[in-house]
Structure formats: structure tokens, C-alpha cells
Amino acid sequence: MTPPPRWLFWHRRDLRLADNRGLALAAAATPALTGVFVLDPVLLEAPDLAPARLWFLVESLRELQQSWRHSGSRLLILRGDPAVVLPDLVTRLQAEAVVWNRDVEPYGRDRDRRVQAALQARGCRVETVWDQLLVEPQALRTGAGEPYRVYGPYWRSWRRRLEQQSQLESAAHPGLEPLPPPTRLLDGAAELWQGLALLDLQASPKGAAAAGPDPAAAAPLATALPPLRFAGIDLCPCRPGERAAQSQLQAFCEGLASRRPAGAAAIPLCRYEPDRNLPAAAGTSGLSAALKFGTLSPRQAWAAAQRARELVLDLGGAEEALVSIGVWEQELAWREFYQQALFHFPELADGPYRPQWRHFPWENAPERLQAWQEARTGVPIIDAAMRQLQESGWMHNRCRMIVASYLVKDLICDWRLGETTFLMRLVDADLAANNGGWQWSASSGMDPKPLRIFNPTTQARKFDPEAEYIRTWLPELRHVNSVDLINAEISPIERRGYPAPIVDHRQQQARFKALHATLPRP
Ligand SMILES: Cc1cc2nc3c(=O)[nH]c(=O)nc-3n(C[C@H](O)[C@H](O)[C@H](O)COP(=O)(O)OP(=O)(O)OC[C@H]3O[C@@H](n4cnc5c(N)ncnc54)[C@H](O)[C@@H]3O)c2cc1C
């Protein structure tokens with residue numbers, strides 16, 4: 001009997017086995033399936049690679065390698081330019097096809113075109129599908145046939161589309177139903193892997209270890225990864241790996257097992273609407289890195305929200321709970337809105353979407369930027385948020401909006417400086433969401449609201465009224481009363497080395513508006 005053909009599945013931002021559309025397609029074609037992850041030096045050596053992201057990636061890969069073992073086959077981890085590494089691997093393994101899930105980012109799309117051409121030049125088949133979005137980026141168009149630029153109508157159309165998709169669900173069109181992981185895959189014979197410069201993450205608990213029977217080939221892999229130096233593991237709400245993503249999703253959408261069945265009140269998702277804006281409460285899912293790296297699929301997140309809705313309806317349909325579930329679904333839609341925007345308008349990655357903003361006379365004072373980056377602006381809500389980012393690799397969404405507005409509108413620094421600072425630190429940094437969030441805050445993006453300026457004091461009063469969040473991240477100010485913390489009015493005696501505010505919000509607001517008025521009219 002002829003053995004089944006060997007196919008490769010190339011993991012990128014889909015570090016899981018369950019509900020992985022490309023992987024399911026490959027596993028349906030052949031059991032002789034091998035996983036590959038390529039450590040691309042362009043991404044690994046980028047100056048904006050955050051230690052927190054490297055930690056999340058390596059830990060997730062470590063688990064994925066084990067999961068592949070349990071499925072019967074293996075995950076190969078290699079380093080190099082995918083357009084070179086993959087065709088070489090295909091030739092060596094005599095693989096018939098390579099499958100992967102599509103990307104929206106300009107670098108990823110260009111890389112994928114190069115890889116596809118190189119593989120096809122060697123006679124290898126390439127199959128690609130969409131996986132990281134509930135709705136494919138080309139699926140929705142405005143009445144005029146254009147891609148969406150405004151979130152509101154996008155959300156309505158996206159929601160309708162999901163309803164249609166779940167109605168159309170069938171064996172041939174799996175729609176939104178999460179798929180199980182592949183099982184009973186077939187590994188290759190031992191000789192296949194000999195001499196391959198593979199990275200075995202199981203070998204070293206601390207980081208990467210080179211493995212492979214051929215020491216000469218393995219040698220360069222001693223330096224395959226930059227040093228792992230993220231110190232905020234215990235403070236970061238995002239947990240790496242597919243298993244942790246499932247537990248986090250379950251805890252958020254169903255409540256902790258120990259508290260079940262205590263009703264909707266015990267389910268964090270059902271309190272999302274009131275809690276999501278309070279940075280001191282753990283009121284959001286903490287799933288952003290899981291969704292970014294694909295240790296969780298958006299369909300799994302969506303399905304969990306639908307189950308929560310059914311449960312709430314069974315329990316009598318508490319209004320707050322139903323509203324909360326709907327609001328969380330809207331956040332999942334924001335994620336997709338920004339991804340489809342980047343897909344259709346890749347120029348977003350290069351600068352302001354609104355052309356007049358290219359002429360904005362930014363002041364970019366280095367000492368102000370540095371004070372913001374180092375949590376020394378003298379405004380406690382800003383510094384607490386920047387400290388959270390520094391120490392935990394993550395920041396609450398409300399605070400991301402507050403610090404972004406402050407950098408741009410109070411310190412009059414180009415939003416791209418903030419965008420890069422976030423990329424260098426965030427565990428969940430994602431080009432589409434980060435760029436979207438910054439352009440939204442700067443008013444240079446697709447958002448139709450002309451000029452949005454946050455007053456940090458008003459924001460702190462509304463969303464951290466007891467200054468709990470401020471005290472958590474600025475313990476050196478624990479002795480100061482809440483009103484003074486919120487108002488950034490700390491007496492010189494109480495400051496104890498903490499700086500006075502570096503700018504005055506009112507003055508800066510007026511200055512920003514004056515500069516904005518000099519921009520050419522659209
Ligand atoms: C300036 C700025 C920069 C940001 N940079 C990023 C980034 O690099 N990566 C990132 O994932 N999010 C980014 N966001 C969006 C948002 O802050 C985070 O997604 C959210 O804080 C993650 O926490 P959570 O997982 O607990 O979210 P939840 O509130 O539980 O939301 C569920 C999921 O929906 C998505 N989501 C929620 N809000 C948004 C949003 N406004 N835009 C896009 N997706 C959203 C995320 O995938 C999130 O995990 C940014 C927002 C701003 C204002």
C-alpha cells in the first residue's frame with residue numbers, strides 16, 4: 001500500500017490545534033501531516049519586539065509542540081526566512097502541499113506571496129484559508145461596494161453576516177461552530193528529521209535549546225532566540241498556550257467552576273458592561289494576547305458568548321447580563337473592523353489615515369515623551385497606567401485611551417511615538433488594533449468624530465473614583481488621599497519625590513486646538 005502523501009501545516013498567528021481552519025483542512029486531506037513554525041529573524045530581531053510578546057510566543061510554542069506529539073505527529077521549529085526554509089523543508093520531506101491561514105498585515109501578505117511563489121516553483125501545492133476572523137475581510141461591503149471605514153455600519157453588517165452564517169451552517173460549511181483538534185496523525189520515519197536544525201523547546205525549561213542529531217546543523221540554534229527577559233509574568237493577565245486560553249475563556253464566560261451554578265451574577269461576562277471601564281476591576285477577559293497569537297480562535301470566543309446568552313435566557317434573561325454579552329460581542333467586532341481596515345488600506349500602517357494630519361506640527365519634546373514612557377508625568381492616572389504597561393506588559397483599555405489622548409493632545413507628541421512605545425511593551429500588540437487605537441485617539445483615523453480630547457482628571461474621577469487602580473500601580477502614593485490623586489493635586493510635602501504635573505491640561509488643550517486649526521481643511 002502506498003503511504004499517504006505528507007503535507008505541512010505552517011503555524012503563524014494560530015498557535016493551537018483546536019478550531020484551526022487551515023489545520024483542519026490539511027488533516028482532512030492526509031493523516032501524514034507535520035506542523036512547522038518558522039522563527040523569522042525579521043520579526044525576532046525587530047527593535048519593537050516586546051519581551052512580553054516573546055515570552056508569550058515561546059511558552060505557547062512549547063505547549064503546541066507537546067500537543068502535536070499527543071496528536072501523533074510533530075511540530076518542527078526552524079529559524080530563517082520562510083521563503084527559503086519552507087521550500088527546502090518541502091524538498092527534503094518530499095511534502096506534497098503546504099497549508100496556512102491567511103494574514104491581514106502588509107509584511108505577512110508580502111511574505112506569504114514570496115513563500116507561495118517559492119513553493120510553487122518547486123512543484124509544491126499551496127492551500128490557504130481565512131481563520132483569524134469570524135468574517136473574512138472581503139466579505140462585507142457598503143451599499144456603494146466599498147470596504148467599511150466607519151465602525152457603526154460595519155458592526156451592523158458584521159452582526160447580520162454572523163446570523164446568516166450560523167443559519168447556513170452545514171457539514172460542508174462549518175460556519176461558526178468550533179472544530180475539534182485533529183487526532184491520530186502520522187509522524188514521519190526518524191531519518192526524515194536527521195540533520196534538520198530543529199529547535200526543541202521541551203529540552204530547556206528556561207528558553208530555547210538546539211536539538212537534532214547533527215551537531216553542526218544544530219549549532220546556530222543556540223542563538224535562535226533573543227534572551228527571554230520578561231519579568232512581569234505574574235502581573236500579566238494574559239496566559240500563554242491553548243489550554244490556558246480555554247480556561248480563561250471559560251472562567252470569563254461561564255464563571256469559575258467552584259462558583260457554578262450561582263447564576264449570571266457569578267459570570268464576569270454578564271457584568272462586562274458596568275465593569276469593563278473600571279481599570280481596578282478585573283472586568284475584561286484578558287484574552288487579547290490569546291486572540292493575537294491564536295491560542296484561542298474568534299469562533300471559540302463567539303461560541304462561548306452564545307452559550308452564556310442561552311444560559312442567561314434560561315435563567316430569566318437579566319437585562320444587564322444580555323446587554324453585557326452584546327457589548328463584548330461589539331469588542332470582538334472592533335478587532336475585526338481594524339483588521340479588515342488594515343487589509344483594505346495597508347497605508348494605515350505608514351501614517352495618518354486623514355491626509356491633513358500629515359501636516360500636523362508636532363512638538364515631540366523628548367523630555368515629555370520620556371516622562372510619559374517612564375511614568376513620570378506627575379498625573380497619577382497616566383503614570384499608574386504606564387507603570388502597569390512597564391511592569392505587566394499589558395494595560396487596561398480605558399487607560400490605553402487615556403494615556404494615548406494625553407500623549408497626543410496634552411504633550412503634543414506624534415501618535416506614532418506612542419504606537420511604537422506600545423509595540424515595544426505590549427504582550428498583545430497587534431498592528432491592526434494598535435494602529436486603530438492610536439489613530440482613533442489621535443483623531444487622524446477613520447473615526448468620524450472630529451476632535452476627541454480626554455481630560456485625565458475627569459477620566460480618573462469617573463473610572464477610578466476611589467483611586468484604587470492608581471494606588472495599585474503607584475504604591476509610593478498610597479498615603480495620598482483619593483481626591484488629590486484623581487485631581488493630580490498632590491502637595492509638595494506628600495509628593496516625596498513624585499513629580500509635579502509636567503504640563504497644564506487646560507493650557508495644552510488650547511494649544512493643541514490652535515495647532516489643529518492650522519491644518520488644511522479636508
Ligand atoms: C491606543 C490603543 C492601543 C491598543 N492596542 C491594542 C493592541 O495592540 N492589541 C489589542 O489586541 N488591542 C489593542 N487595543 C484594544 C484594547 O485596549 C485591547 O484589546 C483590550 O484592552 C484587551 O483586553 P481584554 O482582552 O481584556 O479585552 P476585552 O474587553 O475582554 O475584549 C475582548 C477582545 O476584543 C478585542 N478588543 C477589545 N477592544 C478592542 C478595541 N478597542 N480594538 C480592537 N480590539 C478590541 C480584543 O481582542 C479583546 O481581547 C488598543 C486600544 C487603544 C486605545
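Tutor: Angles under 35 degrees count as roughly parallel, over 145 as roughly antiparallel, 65 to 115 as roughly perpendicular, and the rest as oblique. The structure discussed here is a predicted model.

Student: How are α15 and α17 oriented to each other?

Tutor: The two helices pack with their axes 9 Å apart and at an angle of about 55 degrees. That angle belongs to none of the parallel, antiparallel or perpendicular ranges, so the term for α15 and α17 is oblique.

Student: Which residues of α17 make the contact with α15?

Tutor: The crossing of α15 past α17 is right-handed. On the α15 side, the contact is made by Arg-400, Met-401, Ala-404, Ser-405 and Val-408. The partners contributed by α17 are Gly-437, Trp-438, Ser-441 and Ala-442.

Student: How do the residues of the contact of α15 with α17 divide by class?

Tutor: The contact includes the charged residue Arg-400 of α15 as well as Trp-438 of α17. By class, the residues of this contact divide into 5 nonpolar, 3 polar and 1 charged.

Student: Is α8 roughly parallel or roughly perpendicular to α11?

Tutor: Helix α8 (residues 242–254) and helix α11 (residues 298–314) have axes that come within 9 Å and cross at roughly 25 degrees. An angle under 35 degrees decides the matter, so α8 and α11 are roughly parallel.

Student: Which residues of α8 make the contact with α11?

Tutor: α8 passes α11 in a right-handed crossing. From α11, the contact takes Gln-300, Ala-301, Ala-304, Ala-305, Arg-307 and Ala-308. By class, the contact of α8 with α11 has 6 nonpolar, 1 polar and 2 charged residues. The α8 side consists of Leu-249, Cys-253 and Glu-254.

Student: Is α6 roughly parallel or roughly perpendicular to α12?

Tutor: The axes of helix α6 (residues 151–168) and α12 come within 10 Å and cross at roughly 110 degrees. The range of 65 to 115 degrees takes in this angle, so α6 and α12 are roughly perpendicular.

Student: Which residues of α6 meet α12?

Tutor: α6 passes α12 in a right-handed crossing. The contact of α6 with α12 has 7 nonpolar, 1 polar and 1 charged residues. From α12 come Gln-330, Ala-333, Trp-334, Glu-336 and Phe-337. The residues of α6 that meet them are Tyr-151, Tyr-154, Trp-155 and Trp-158.

Student: Which element gives the largest share of the side of domain 2 that touches domain 3?

Tutor: The chain is divided into domain 1 (1–132), domain 2 (242–344) and domain 3 (355–517). Between domain 2 and domain 3, 13 residues of the former are in contact with 18 residues of the latter. On the domain 2 side, the elements that give two or more residues are α10 and α12. The largest share, 5 residues, comes from α12.

Student: Where does the ligand shell lie with respect to the domains?

Tutor: The centres of domain 2 and domain 3, taken over C-alpha atoms, are separated by 27 Å. Both domains give residues to the shell around the ligand, so it lies between domain 2 and domain 3.

Student: Which element gives the most to the shell around the ligand?

Tutor: At least two residues of the shell are supplied by each of α10 (288–293), α12 (319–344), α15 (397–410) and α17 (431–442). The element that gives the most, with 6 residues, is α17.

Student: Which of the 28 residues around the ligand come nearest?

Tutor: By class, the residues of the shell divide into 12 nonpolar, 9 polar and 7 charged. Those that come nearest to the ligand are Thr-284, Ser-285, Asn-397, Asn-434 and Gly-437.

Definitions and conventions:
Residues numbered from 1 in each chain as written. Predicted model: local features only at pLDDT ≥ 70, side-chain atom pairs only at ≥ 80, totals over all residues. Near = placed C-beta within 6 Å. Helix = DSSP H or I, 4+ residues; strand = E, 2+ residues; numbered from the N terminus. Nonpolar A, V, L, I, M, F, W, Y, C, P; charged D, E, K, R; others polar. Domains from an automatic or database assignment. Axes fitted to C-alpha atoms, helices over the stretch in contact; angles between N-to-C directions. Left-handed = near helix turned anticlockwise from the far one by under 90°. Contact = placed C-beta atoms within 7 Å.
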